[in-house]
Amino acid sequence: MQTTLITTVLAIFYLGVSAEPEFLYKQFRDPERDVFHYGKFPSDFAWGVATASYQIEGAWNEDGKGPSVWDTFAHTPGKTHLNQTGDVTCNSYHKIEEDVKNLQELGVNHYRFSLSWSRIMPKGTPDVINPAGVKYYHDLIDALLAANIQPMVTLFHWDLPQPLMDIGGWENELMHAIFVAYADFCFQEFGGKVTKWITFNEPTVFTVFGYEIGYHAPGMTHLGWGAYRAGHVVLKAHATAYHLYDKKYRPLQHGIVGITLHSRWYEPKSDSEADREAAKRAITGELGWFAHPVFLTGDYPEVAKKLIADKSRAVGLTSSRFPEFTEEEKLMLKGSADFFGLNHYSTSYIEHKADTSLIPNIMADLDYKATEDDSWDRTGSWWLRPVPWGLRKNLNWIKDTYGDIPVYITENGMSENDGPMRLDDMDRVTYYRAYINEILKAQQIDGVNLKGYIAWTLMDNFEWAEGYNERFGLFHVDFEDPQKPRRPRASAKAFAEIIKNNGFLKPNEKSEL
Ligand code: GBH
């Protein structure tokens with residue numbers, strides 16, 4: 001009763017100060033939570049868009065590039081939508097000038113892209129370097145810098161050189177040293193011009209999809225242990241590469257190194273203790289799987305360690321399916337990032353579900369079930385419903401759990417399905433306005449140490465197993481046309497406007513311009 005009164009008074013207050021529509025989604029109208037917030041980001045805020053090598057470059061076997069696991073996987077019938085591949089995709093290998101021109105049109109000051117490891121090292125190891133591949137990235141970086149756009153470079157966005165898969169990929173301990181050698185080369189070669197590095201993109205996603213359920217390359221189905229084993233090697237590789245940069249390159253290059261983690265927001269489905277605990281377990285166990293070691297303790301979250309150990313014992317295993325770090329490794333891991341890269345797209349409701357099937361995977365191991373709300377809008381991806389307030393809660397959880405670490409949103413965006421060309425994407429305009437508005441609240445009201453916002457993605461591209469059926473671009477790409485022409489959508493203009501204003505101007509500020 002009392003809260004209803006307070007919210008009614010607040011609603012009248014908000015309506016009183018502005019005649020503008022203050023809510024962007026009809027289903028989200030909590031006057032405290034969802035009301036539109038006007039204001040600006042700090043003047044040094046980073047604005048950018050992101051891409052990944054296999055998704056945009058094409059030229060899969062040109063100029064000395066070696067094959068990656070994604071070449072192998074996409075060339076295997078039955079693995080991707082209509083057997084589509086990234087062989088040509090946006091052809092960005094041949095379109096530096098056009099891509100940079102489109103970045104300038106958006107007005108971004110950062111561009112996040114990834115290096116194709118096998119374009120630089122066709123065998124995956126530094127004994128063979130492909131000069132044409134190295135030159136491509138120098139040309140791209142030079143063009144960006146000439147346009148006043150800072151490169152933010154991801155070392156690994158899933159396209160592992162195939163020869164390294166032939167020795168077991170991330171499940172092989174040797175990958176620790178091999179990744180560090182690759183990182184060393186990249187820091188040395190490009191670090192004079194690149195000052196923002198991301199070691200890995202979304203280790204939960206590529207280890208679970210790639211090594212556990214086989215939905216992504218390399219297609220391994222090591223259910224119950226593949227992702228944990230691969231993730232363990234990835235974490236050690238990350239930490240060693242971080243310290244290598246810190247000691248050998250930072251004094252000269254003055255850059256920063258972080259890691260990008262994917263997280264949904266997990267909202268308890270009900271007020272019950274069991275559901276609230278399950279939601280806490282889901283975020284702590286899943287985001288914390290990679291975030292706790294790097295940003296908190298040097299080790300995995302206790303809740304995940306205990307559950308997985310118990311479940312391992314229950315089926316008669318003598319040790320846990322979850323690997324353990326040595327004390328020395330924990331010291332290496334703890335604090336091994338200068339910033340937290342967050343990829344966030346959506347939210348789920350979480351309920352408690354004790355898994356009795358004993359078919360292990362991360363969700364079953366953590367005893368939860370995720371669902372969506374029917375009232376939430378749909379997009380081109382089943383897993384992606386716009387729930388803007390979830391991002392603010394996710395950022396607050398990161399601040400409350402890991403402290404004042406600088407945070408970059410390194411991906412956020414929404415998809416539509418393939419179909420007739422659609423440039424008037426008002427649903428995506430609303431998504432971006434709403435999500436960016438929530439990060440403004442997190443930054444201004446909640447005091448989250450937010451340094452930048454990078455949208456996914458510059459242009460439609462090869463969406464992994466979904467092929468060309470899910471389009472996330474601010475620019476539309478016509479894949480039927482051999483020229484792969486790019487055309488700005490309404491969302492590109494809306495994003496450019498937010499960047500130009502460095503936030504959201506009040507309606508009266510706008511009229512003064
Ligand atoms: C990112 O992954 C990738 O970094 C990028 O390459 C990709 O193109 C982009 O997003 C759009 O998909 O865990 O319940 O959400 C996105 C994160 C995480 C989305 C796993 C699909 C599967 C079900 N992905 N998720 S769920």
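A crossing of two helices is called right-handed if the near helix is turned clockwise from the far one by less than a right angle. With that in mind, let us walk through this predicted model, starting with a pair of helices that fits the description: α8 and α10 cross in a right-handed way.

Helix α8 covers residues 174–190 and helix α10 covers residues 226–253. Their axes lie 9 Å apart and make an angle of about 30 degrees. Angles under 35 degrees count as roughly parallel, and α8 and α10 are therefore roughly parallel to each other. On the α8 side, the residues in contact include Met 175, Phe 179, Ala 183 and Phe 187. On the α10 side, Val 233, Ala 237, Leu 244 and Tyr 245 are among them. Sorted by class, the contact of α8 with α10 has 11 nonpolar, 4 polar and 3 charged residues.

Helix α10 also meets α9, so let us turn there next. The axes of α9 and α10 come within 8 Å and cross at roughly 135 degrees; the two helices are therefore oblique to each other. This crossing, too, is right-handed. Pro 203, Phe 206, Thr 207, Val 208, Tyr 211 and Glu 212 are the α9 residues involved, and they face Gly 226, Ala 227, Tyr 228, Ala 230, Gly 231 and Val 234 of α10. Here the classes come to 8 nonpolar, 3 polar and 1 charged.

From α9 we can step into the largest pocket, since this helix gives the largest share of its lining, 5 residues. The pocket holds about 1,000 Å³ of space. It is lined by 38 residues, and Val 205, Phe 209, His 262, Trp 382 and Trp 383 are the closest to its centre. Besides α9 (203–212), the elements α11 (273–296), α14 (362–365) and β10 (368–371) each supply at least two lining residues. By class, the lining has 20 nonpolar, 10 polar and 8 charged residues.

What about enclosed space? The whole structure has 5 cavities of 30 Å³ or more. The largest has a volume of about 90 Å³, and its lining includes Phe 23, Tyr 25, Phe 36, Pro 388 and Lys 441. That lining has 7 nonpolar, 1 polar and 3 charged residues.

The second largest cavity holds about 70 Å³. Of its 14 lining residues, Ile 56, Tyr 111, Phe 113, Tyr 136 and Leu 140 lie nearest the centre. Helices α2, α4 and α6 and strand β3 each supply at least two residues of this lining, which divides into 8 nonpolar, 4 polar and 2 charged.

Methods
Residues numbered from 1 in each chain as written. Predicted model: local features only at pLDDT ≥ 70, side-chain atom pairs only at ≥ 80, totals over all residues. Heavy atoms only, no water. 1 Å grid on protein atoms, 1.4 Å probe; cavity = no way out; pocket = protein on both sides within 12 Å on 5 of 7 lines; lining within 4 Å. Points joined across faces, edges and corners; volume = space filled by probe spheres on them. Helix = DSSP H or I, 4+ residues; strand = E, 2+ residues; numbered from the N terminus. Nonpolar A, V, L, I, M, F, W, Y, C, P; charged D, E, K, R; others polar. Axes fitted to C-alpha atoms, helices over the stretch in contact; angles between N-to-C directions. Parallel < 35°, antiparallel > 145°, perpendicular 65-115°, else oblique. Contact = heavy atoms within 4.5 Å.
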